[in-house]
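Let's take a walk through this structure together. Have the sequence and the 3D view open side by side, and follow along as we go.

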Amino acid sequence: GGGTPSLLSPDTIESLIGHARELFDCSAVGEITLEANPDDLTEEYVKELAKTSINRVSLGIQCDDDEILKKIGRPHDYAQAVSAVQRIRKAGFKNLSLDLIYGLPGQTLESWQETLRHVLELKPEHISCYGLRVEEATPLNRYYHLLDIPNDDRQAEMYLNAVELLRRRGYHQYEVSNFALRGKLSK
């Protein structure tokens with residue numbers, strides 16, 4: 001994680017994991033996660049990734065609204081995200097985490113609830129829900145004041161709504177932003 005490791009080839013990723021195993025005792029490591037963007041995960045890439053030590057994929061979907069995705073500069077649309085999930089499952093991955101963001105420009109409580117419903121249809125084992133945080137020196141920071149970004153109270157309502165909905169659907173909240181089905185907490 002921490003960037004876009006899915007820009008690396010599966011062979012390079014496996015080589016890095018191999019080097020880590022040479023340098024450190026990794027015998028207790030039972031989970032190796034790759035963070036990825038939906039637009040990076042071609043069918044061939046995912047097939048090759050399934051041959052590596054990676055056994056969990058964390059996919060940055062963000063939301064299901066293509067206009068909002070465009071506003072925040074994401075290179076994928078929701079259909080591409082769904083296709084990436086299908087390719088991940090087809091390749092045999094049994095542990096999938098989906099990353100979402102609430103408080104996005106133009107997002108309402110209702111559209112956030114719709115995002116959650118659509119994402120739950122994908123049956124991920126893990127869901128991360130992050131509040132929008134606009135960082136300095138990012139493209140979004142240059143013009144966010146022009147956008148309709150939900151205020152803190154609205155974002156709090158979105159967060160609490162997600163907590164309750166995910167709880168009802170069997171997801172255990174084990175960190176502020178992280179929810180998982182039984183036995184699927186991120187290690």
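K123 is exposed, with a relative accessible area of 61% (exposed means over 50% relative accessible area, buried under 20%, and partly exposed in between, using a 1.4 Å probe and protein chains only). You'll find K123 in the loop between α5 and β4; helices here are DSSP runs of H or I with at least four residues, strands are runs of E with at least two, and both are numbered from the N terminus. K123 also has a positive phi of about 55° although it is not a glycine. That's worth a second look because most residues other than glycine have a negative phi.

A quick word on what you're looking at: this is a predicted model, where local features need pLDDT of at least 70 and side-chain atom pairs count only at pLDDT 80 or more, while totals for chains, interfaces and linings use all residues. Residues are numbered from 1 along each chain as its sequence is written, and side-chain values use heavy atoms, with hydrogens and water left out.

Now step back from K123 into helix α5, residues 109-121. Its 13 residues should span 18 Å at 1.5 Å a residue, and the end C-alpha atoms are 19 Å apart, which agrees; the expected span is 1.5 Å times one less than the number of residues. Which residues of α5 are buried? They are L109, S111, W112, T115, L116, V119 and L120. These buried residues pack against α4, β3, β4 (126-131) and α7 (152-168), where contact means heavy atoms within 4.5 Å.

Next comes the sheet. Strands of a sheet pair through backbone hydrogen bonds, either parallel or antiparallel. Here, six strands form an open sheet in the order β1-β2-β3-β4-β6-β5, and the pairing is mixed; two strands count as paired if DSSP finds at least two bridges between them. The edge strands are β1 (33-36) and β5 (172-173), each pairing on one side only. Helix α4 (residues 78-90) packs on this sheet, touching β2 and β3 (96-102), and its direction makes about 170° with that of β2. For that angle, axes are lines fitted to C-alpha atoms, for helices over the stretch in contact, and angles run from 0 to 180 degrees between N-to-C directions.

Let's zoom in on the β1 edge. Strand β1 runs parallel to β2 (residues 56-62), and four bridges join the two. Two of the bridge partners are easy to pick out: A36 goes with L59, and E35 goes with S58. Strand β1 also has two faces, a covered one with L34 and A36 and an uncovered one with T33 and E35. Together with helix α2 (residues 43-49), β1 and β2 make a right-handed β-α-β unit. Right-handed means that, with the strands pointing away from the viewer, the path from the first strand over the helix to the second runs clockwise.

Stay in β2 and look for Q62. Q62 is buried, with a relative accessible area of 9%, and has a positive phi of about 75° although it is not a glycine. What is Q62 in contact with, leaving aside its neighbours within four places in sequence? The answer is L69, I72, R74, D99, L100, I101 and L104. One of these, I72, lies in the loop between α3 (66-71) and α4 and counts as buried at 18% relative accessibility. I72 and L104 are 32 residues apart in sequence, and 8.0 Å apart in space from C-alpha to C-alpha.

How about the cysteines? C63 is buried, with a relative accessible area of 1%, and C129 is buried too, at 0%. The sulfur of C63 is 12 Å from the closest cysteine sulfur, in C129, so that's too far for a bond. A disulfide is a pair of cysteine sulfur atoms within 2.5 Å, and by this rule the count comes to zero disulfides.

Our last stop is Q155, in helix α7. Is Q155 buried or exposed? Q155 is buried, with a relative accessible area of 12%. Leaving aside its neighbours within four places in sequence, Q155 is in contact with Y102, G103, G131, L132, I149 and P150. The C-alpha atoms of Q155 and V176 are separated by 14 Å, and these two are 21 residues apart along the chain.
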